[in-house]
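User: I would like to learn how to read aromatic rings and charged side chains in a model. Could you walk me through it?

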Amino acid sequence: QGQPDQDAWQAGGRVDWRYSALTNFFGQVGVDSRSFSGAGVAGSEEDIVWAVGSRWSPDELLSTSVTFDRGIAPSITTGGQNFTISTLSGALRKEFLEYYFGRLVGAYSWIDYNATLPAAATIRKDDYFSVYVEAGRELADYGELSVFYNFIENDSNQGVFSFEDHTIGLKLGVDF
């Protein structure tokens, strides 16, 4: 409330390449268009958004992936600002004892904030680091039941936005 309205749309394309029975690659690119309305707005912006990645599965019980992407989003914590987020992430999933699995995901993101009002300036930059660990059991063809731990740390150049968070939970995934 009290901030400019923001209409946004994205259009793009994606290519998947199955390099071999073990490895596939993907790439996607698009345009993110945002138009602002309200008192003193900056007009509109168009930015390129993209992602690239690879998945490697040497057998049915092990899979790994690496992705790198860039996107745009409005700031929830700071009015009149959007941010550009770039993320490098990796994941590993290992199945064992027929129905059990473990998953490890790590990511590093750097975020640059941009003002949506012409007279406003922003100098905020955040660096996020996260680790997600999960252990669970497959429920035949119906889904998965697991416990997880998630750690996330934000190191912001504006100390009020820095934090560290730990989450432990139970997760039920259902396939239908």
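User: Is Trp50 buried, partly exposed or exposed, and why does it count that way?

Analyst: Happy to help, and please keep in mind that this is a predicted model. The idea is to compare relative accessible area with two cut-offs: buried is under 20%, exposed is over 50%, and partly exposed is in between. Trp50 has 27% relative accessibility, so Trp50 counts as partly exposed. Phe68 also comes out at 27% and is therefore partly exposed.

User: How many aromatic pairs does the structure hold?

Analyst: There are 10 aromatic pairs. One of them joins Trp50 and Phe68, with 5.0 Å centre to centre and 65° between the planes, an edge-to-face arrangement. Trp50 belongs to strand S3 (residues 44–59) and Phe68 to strand S4 (residues 62–74); with their positions 18 residues apart, the pair links distant parts of the chain.

User: Which other pair could I look at as an edge-to-face example?

Analyst: Try Tyr128 and Phe163, whose ring centres are 6.0 Å apart and whose planes make an angle of 65°. Tyr128 is in strand S7 (residues 125–138) and Phe163 is in strand S9 (residues 163–174), so this pair ties together parts 35 residues apart in sequence. Tyr128 is buried, because its relative accessible area is 19%, whereas Phe163 is partly exposed at 35%.

User: Which residues form an aromatic cluster with Trp50?

Analyst: Phe68, Tyr108 and Trp110 join Trp50 in one aromatic cluster.

User: Where does the charged end of Arg14 sit?

Analyst: For this feature, look for a charged side-chain end placed over a ring. The charged end of Arg14 is over the ring of Phe26, 4.1 Å from the ring centre. Arg93 gives another case: its charged end sits over the ring of Phe101, 4.1 Å from the centre.

User: Where is Arg124 found, and is Arg124 buried or exposed?

Analyst: Arg124 is in the loop between strand S6 (100–115) and S7. Its relative accessible area is 4%, so Arg124 is buried.

User: What do polar contacts join to the side chain of Arg124?

Analyst: One polar contact, of 3.2 Å, runs to the side chain of Tyr113. Another, of 2.6 Å, runs to the side chain of Asp126. Setting aside neighbours within four places in sequence, Arg124 is in contact with residues including Thr77, Thr78, Ile111, Asn154 and Phe161.

Conventions: Residues numbered from 1 in each chain as written. Predicted model: local features only at pLDDT ≥ 70, side-chain atom pairs only at ≥ 80, totals over all residues. Heavy atoms only, no water. Phe/Tyr/Trp six-rings, centres within 6.5 Å; stacked < 30°, edge-to-face > 60°. Helix = DSSP H or I, 4+ residues; strand = E, 2+ residues; numbered from the N terminus. Buried < 20%, exposed > 50% of the residue type's maximum accessible area, 1.4 Å probe, protein only. Lys NZ or Arg CZ within 6 Å of the ring centre and 35° of its normal. Polar contact = N/O pair within 3.5 Å; in protein donor to acceptor, adjacent residues only side chain to side chain. Contact = heavy atoms within 4.5 Å.
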